[in-house]
Amino acid sequence: MKKLIGFSLAMIFCFLLVGCNNKQDTFSLDKEYYQNNSFNELDKNTFDDLINNEKSFAIFIYQPLCTTSYEFNKILTEFANQYQISFYKMSFSDMKETELKEYIKYYPSLVIYYEGEIVDYLDANSDSDSEYYKSVDGFKKWFSNYVSIQKANSNDNLILEEETNNHTKIDAKLEDIVYDENKVNIYFFWGNGCPHCEEEFKFLKSIETEYGNYFTLNTFEVWYSKDNAKILEQFANAMGDEVSGVPYTIIGNKTFTGFSETYKEQFLKAIKDQYHNSYDVYFNKTQ
Amino acid sequence: MKKIFFTITMAFIMCFGLCACTSNTELKELPNPEITEGIRGEQFGIDKNINEETIDDYLNRPDSVYRDMRMLKDPGNYEAIGGDSYLSGFVKGFEVVPYPLLVNVIGLPEKVGDTYTGKTLYTLTDEGKYITNYEESLEILEYYFPKDKNIFLMCGGGGYAGMTKTMLVSLGWDENKIYNVGGYWYYDGTNNVEVKKTNSDNSISYDFWKVVYHDIDFDNLHEVK
């Protein structure tokens with residue numbers, strides 16, 4: 001029994017090292033705040049209505065005099081343009097007439113609301129928040145801890161897009177996946193912001209030159225996309241796995257939960273062993 | 001006779017005691033300037049120890065001057081980005097010496113347009129150098145910001161105050177005697193003097209007569225050739 005407990009703890013510890021749990025605290029703002037980049041002035045009455053109607057939104061707290069809000073204003077505007085997210089803005093002097101005065105002591109600040117409740121805000125007098133004020137990436141790092149960031153494509157459909165390490169991750173669509181008898185389909189389920197997923201992306205990118213002819217990578221972001229989360233559940237069930245975190249990867253008849261240095265050899269082996277006439281969970285089990 | 005002598009002596013002692021007591025009052029030693037946390041410290045240099053929350057403990061010192069760096073009304077079009085461009089209040093004891101009269105303000109957002117663009121004592125170049133525009137510039141600066149005093153600076157949010165400290169230090173002032181106290185908008189103490197007033201008909205007016213305002217008459221100065 002003791003051994004079983006020890007084994008279980010080791011497994012839990014191991015997974016904590018290599019995998020990421022579901023990001024329960026991430027949510028979407030209300031729909032009207034996506035796909036445009038306005039900064040509408042917010043008065044007290046409208047603010048009260050938003051709270052009473054349990055809206056999810058974000059407010060930029062600023063004050064025009066004394067130049068202190070300007071740099072952050074520029075960063076926020078660039079962020080809004082890039083990710084097509086709309087914010088409200090409220091001057092610090094107006095804010096002092098609202099419930100926010102209990103929280104926000106200094107401007108500039110950015111406050112996130114979820115269903116009428118404050119989730120978090122930036123503190124201009126805190127070293128730990130400094131990096132979030134200084135660049136679009138820094139702000140995004142903080143904001144995306146809570147809020148789903150989506151980027152509009154030219155067809156006005158929302159797709160998740162994350163640019164890192166000089167590669168762009170654009171998720172696969174099931175209907176576009178084909179079976180190739182000389183290539184194994186890799187199904188890689190990941191979470192936007194999950195560091196282990198990022199490591200796996202880097203690894204798969206690094207083997208592309210040598211092994212690119214042996215596999216096709218199909219990625220599915222599951223923290224922000226409900227559709228992709230359903231695909232994950234469907235595929236994992238078909239493989240006999242119960243998945244509680246990402247990354248989760250299927251290569252032929254092999255599955256991998258989490259990612260670490262020791263997985264690299266196993267990934268390569270699975271690719272090399274199975275690229276010809278591979279087993280494919282999508283075509284063999286789920287269709 | 002003894003009674004009279006005793007009374008006079010006692011009165012003298014009491015008087016001297018009182019006088020001595022008053023003249024022996026020592027000013028609380030000021031902490032050295034130290035910037036606060038976050039971007040308020042990094043970007044604007046607001047002081048960690050003497051700031052909006054604590055300035056009440058450091059007012060009325062004979063060894064210090066108190067300066068608010070805002071204009072009464074900033075000509076920048078701040079309404080374009082929301083907000084109020086009037087000085088709506090100040091901390092008692094602070095006298096207004098508008099930063100935009102000392103040096104050209106750079107770095108405002110486009111929508112605001114230009115703030116005050118008239119004459120200034122100095123011109124700040126892109127390289128960060130302060131060029132003297134008038135023969136009296138330094139004399140005026142030393143009058144408003146005496147080097148032998150502690151200098152407490154405020155404005156709306158700490159930006160103009162920070163820029164003023166940067167300028168003074170660059171021109172030779174001792175940085176250890178200058179404190180960026182921060183912004184009036186954050187002040188919630190007991191020495192608030194309100195200038196903005198809501199009238200009975202709900203109109204807004206400003207009691208600028210409450211403000212000790214230091215204008216600079218550039219027409220009577222001599223430009224550096």
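1. Let me start with a strand pair in chain A. Strand β14(A), residues 248-251, and β15(A) pair in the antiparallel sense, with four bridges between them. If you want a residue to anchor on, look at A:Ile251, which stands opposite A:Lys254 in β15(A). Keep in mind throughout that this is a predicted model.

2. Which sheet does that pair sit in? The strand order is β12-β11-β14-β15 in chain A, an open sheet of four strands with mixed pairing. At the edges stand β12 (215-221) and β15 (254-257) of chain A; each has a single partner strand, so one side of each is left without a neighbour in the sheet. From one strand to the next, the twist averages 15°.

3. A helix goes with this sheet. Helix α10 of chain A, residues 263-274, lies across β11 (184-190), β12, β14 and β15 of chain A. Against β14(A), α10(A) runs at about 30°.

4. Now the other chain A sheet I looked at. Here five strands make an open sheet, ordered β2-β4-β3-β5-β6 (chain A), and the pairing is again mixed. The edge positions go to β2 (39-41) and β6 (117-121) of chain A, each with a single partner strand, so one side of each is left without a neighbour in the sheet. The twist for this sheet averages 30° from one strand to the next.

5. The β5-β6 end of that sheet is worth a look on screen. Strand β5(A), residues 109-114, pairs with β6(A) in the antiparallel sense over four bridges. Among the residue pairs, A:Tyr113 has A:Ile118 as its bridge partner in β6(A), while A:Val111 has A:Tyr121. Which residue takes a positive phi in the hairpin of β5(A) and β6(A)? That would be A:Glu115, with phi near 50°, in a hairpin that has two residues between the strands.

6. On helix packing in chain A, take α3(A) (residues 70-83) and α6(A) (residues 136-143). Their axes come within 9 Å and cross at roughly 70°. That angle is why α3(A) counts as roughly perpendicular to α6(A). The crossing of α3(A) past α6(A) is right-handed. On the α3(A) side, the contacts come from A:Ile75, A:Leu76, A:Glu78, A:Phe79 and A:Gln82. They meet A:Val136, A:Phe139 and A:Lys140 in α6(A).

7. Some overall numbers for chain A. Its secondary structure comes to 11 helices and 15 strands. Of its 287 residues, 39% count as buried. Taking contacts between residues at least 6 apart in sequence, 73% join residues at least 24 apart.

8. A word on confidence. Chain A has a mean pLDDT of 82, and 81% of its residues reach 70 or more. Where does the pLDDT of chain A fall below 50? Residues 151-168 are below that value, and this stretch has 26 contacts in the model beyond near neighbours in sequence.

9. Over to chain B, which has five helices and 10 strands. Buried residues make up 33% of its 225 residues. Of the chain B contacts with a separation of 6 or more, 67% are between residues 24 or more positions apart.

10. Strand β1(B), residues 64-68, has two pairings to inspect. With β6(B), residues 150-155, it runs parallel, and five bridges join the two strands. In that pairing B:Tyr66 stands opposite B:Phe152. With β3(B), residues 95-96, β1(B) also pairs in the parallel sense, over two bridges. There B:Arg67 stands opposite B:Glu95.

11. Last, B:Asp63, which has its place in the loop between α2 (38-42) and β1 of chain B. Is B:Asp63 buried or exposed? B:Asp63 counts as exposed because it has 10 C-beta neighbours inside 10 Å, and the cut-off for exposed is 12 or fewer. Leaving out residues up to four places away in sequence, B:Asp63 touches B:Leu27, B:Lys149 and B:Asn150. With B:Asn150 the sequence gap is 87 residues, yet the two are 6.3 Å apart in space, C-alpha to C-alpha.

Methods:
Residues are numbered from 1 along each chain as its sequence is written. Chains are lettered from A and ligands numbered from 1 in the order in which they are written. This is a predicted model: local features need pLDDT of at least 70, side-chain atom pairs count only at pLDDT 80 or more; totals for chains, interfaces and linings use all residues. Two strands pair if DSSP finds at least two bridges between them. pLDDT is the predictor's confidence in each residue, from 0 to 100. Two residues are in contact if their C-beta atoms, placed from the backbone, lie within 7 Å. A residue is buried if 20 or more other C-beta atoms lie within 10 Å of its own, exposed if 12 or fewer, and partly exposed in between; C-beta atoms are placed from the backbone. Axes are lines fitted to C-alpha atoms, for helices over the stretch in contact, and angles run from 0 to 180 degrees between N-to-C directions. Angles under 35 degrees count as roughly parallel, over 145 as roughly antiparallel, 65 to 115 as roughly perpendicular and the rest as oblique. A crossing is left-handed if the near helix is turned anticlockwise from the far one by less than a right angle, and right-handed if clockwise.
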